[in-house]
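Ready to get to know a new structure by working through it piece by piece? Keep the sequence and the 3D view open while you go.

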Amino acid sequence: MARPREPVDLIAEKGRKHLTIAEYVERKNAEITAPADKVKPPDFLLKKEKEKFDELAKQLVDLKIMTNLDCDVLARYIKAESEYIKVTKQLQKIKFTPDKKSMVPADVQISEQYAQYNYLSKIQNRLMKACNENAKELGLTISSRCKLVIPKEKEEKPANKFMKHAQ
């Protein structure tokens with residue numbers, strides 16, 4: 001399986017591959033970059049979701065991770081997260097105790113509550129997976145963000161320990 005192609009600037013920063021100037025320019029010109037000037041929340045998001053979109057989008061654009069092409073991915077992440085929160089709240093409301101005022105037997109009530117709990121927990125699990133997949137694409141998880149980091153240039157150490165005082 002082939003490795004994903006890295007940006008030429010990242011290769012240069014790592015210093016692992018020595019490219020000629022012509023190779024560097026050729027690869028740099030072949031890279032596709034999208035602008036980040038029209039990052040707007042899609043219409044299907046609710047008001048609170050749009051606010052969250054704007055907040056996260058600003059941070060991702062500042063990090064130069066997000067472009068105009070990533071708006072739908074971020075919107076799907078926010079939508080899945082808000083639905084996940086709704087389902088989690090519904091799960092928390094389920095109490096495995098029978099209602100004494102009801103005419104339905106207690107064991108039937110509890111089995112219905114378990115069935116509802118299982119149904120909602122499956123939905124919650126699917127939404128959590130959707131959140132995680134979209135978060136990884138955007139660099140919102142710790143492990144995916146570590147893959148996006150460009151190594152910083154190392155400062156050269158003085159050849160002699162006394163040379164640092166000579167400057």
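Below are five short exercises, each with a worked solution.

Before starting, note that this is a predicted model, where local features need pLDDT of at least 70, side-chain atom pairs count only at pLDDT 80 or more, and totals for chains, interfaces and linings use all residues. Residues are numbered from 1 along each chain as its sequence is written, and side-chain values use heavy atoms, with hydrogens and water left out.

**Exercise 1. The overall build**

Task: Work out how many helices and strands the chain has, and how much of the chain is buried.

Solution:
- Step 1: Start with the secondary structure, where helices (H or I, at least four residues) and strands (E, at least two) are DSSP runs numbered from the N terminus. The tally is 7 helices and 0 strands.
- Step 2: Read along the sequence and you get α-α-α-α-α-α-α.
- Step 3: Now for burial: buried means under 20% relative accessible area, exposed over 50%, and partly exposed in between (1.4 Å probe, protein chains only). With that rule, 23% of the 167 residues are buried.
- Step 4: Turn to the surface, with areas from the Shrake-Rupley method and a 1.4 Å probe; for residues, only the protein chains shown count as cover. The chain exposes about 13900 Å², and carbon and sulfur atoms supply 55% of that.
- Step 5: Finish with contacts (heavy atoms within 4.5 Å). Take those between residues at least 6 apart in sequence: 56% of them join residues at least 24 apart.

**Exercise 2. A salt bridge between two helices**

Task: Find which residue forms a salt bridge with Lys79, and say which helices the pair ties together.

Solution:
- Step 1: Side chains of opposite charge can pair when their charged atoms come close. Here the rule is a side-chain nitrogen of Lys or Arg within 4 Å of a carboxyl oxygen of Asp or Glu, and the structure holds 4 such salt bridges.
- Step 2: The partner of Lys79 is Glu49, with the closest N and O atoms 3.3 Å apart.
- Step 3: Lys79 sits in helix H4 (residues 71-93) and Glu49 in helix H3 (residues 47-62), so the bridge ties together parts that are 30 residues apart in sequence.
- Step 4: Check the surroundings: Glu49 is buried at 6% relative accessible area, while Lys79 is partly exposed at 24%.

**Exercise 3. Salt bridges inside one helix**

Task: Look at Lys58 with Asp62, then at Glu83 with Lys86, and say where each pair lies.

Solution:
- Step 1: Lys58 and Asp62 are bridged, their closest N and O atoms being 3.2 Å apart. Both are in helix H3, 4 residues apart, which is about one turn of the helix.
- Step 2: Lys58 is exposed at 54% relative accessible area, and Asp62 is exposed too, at 52%.
- Step 3: Glu83 and Lys86 meet in another bridge, at 3.4 Å from N to O. Both belong to helix H4, 3 residues apart, again about one turn.
- Step 4: Glu83 is partly exposed at 28%, and Lys86 is partly exposed at 43%.

**Exercise 4. A cluster of rings**

Task: Find which residues the ring pairs link into a cluster.

Solution:
- Step 1: Rings of Phe, Tyr and Trp (its six-membered ring) pair if their centres lie within 6.5 Å; planes under 30 degrees apart are stacked, over 60 edge-to-face, and the rest tilted. There are 2 aromatic pairs.
- Step 2: Phe96 and Tyr114 have ring centres 4.4 Å apart and planes at 25 degrees, so this pair is stacked. Phe96 is in the loop between H4 and H5, and Tyr114 is in helix H5, 18 residues apart.
- Step 3: Phe96 and Tyr117 are edge-to-face, with 5.6 Å between centres and 65 degrees between planes.
- Step 4: Put the pairs together and Phe96, Tyr114 and Tyr117 make up the cluster.

**Exercise 5. Buried spots**

Task: Say which residues Gln124 touches, and how many disulfides there are.

Solution:
- Step 1: Gln124 lies in helix H5 and is buried at 17%.
- Step 2: Leaving out residues up to four places away in sequence, Gln124 touches Tyr84, Val87, Thr88 and Leu91.
- Step 3: A disulfide is a pair of cysteine sulfur atoms within 2.5 Å, and the count is 0. Cys71 is buried at 9%, and Cys131 is buried at 10%.
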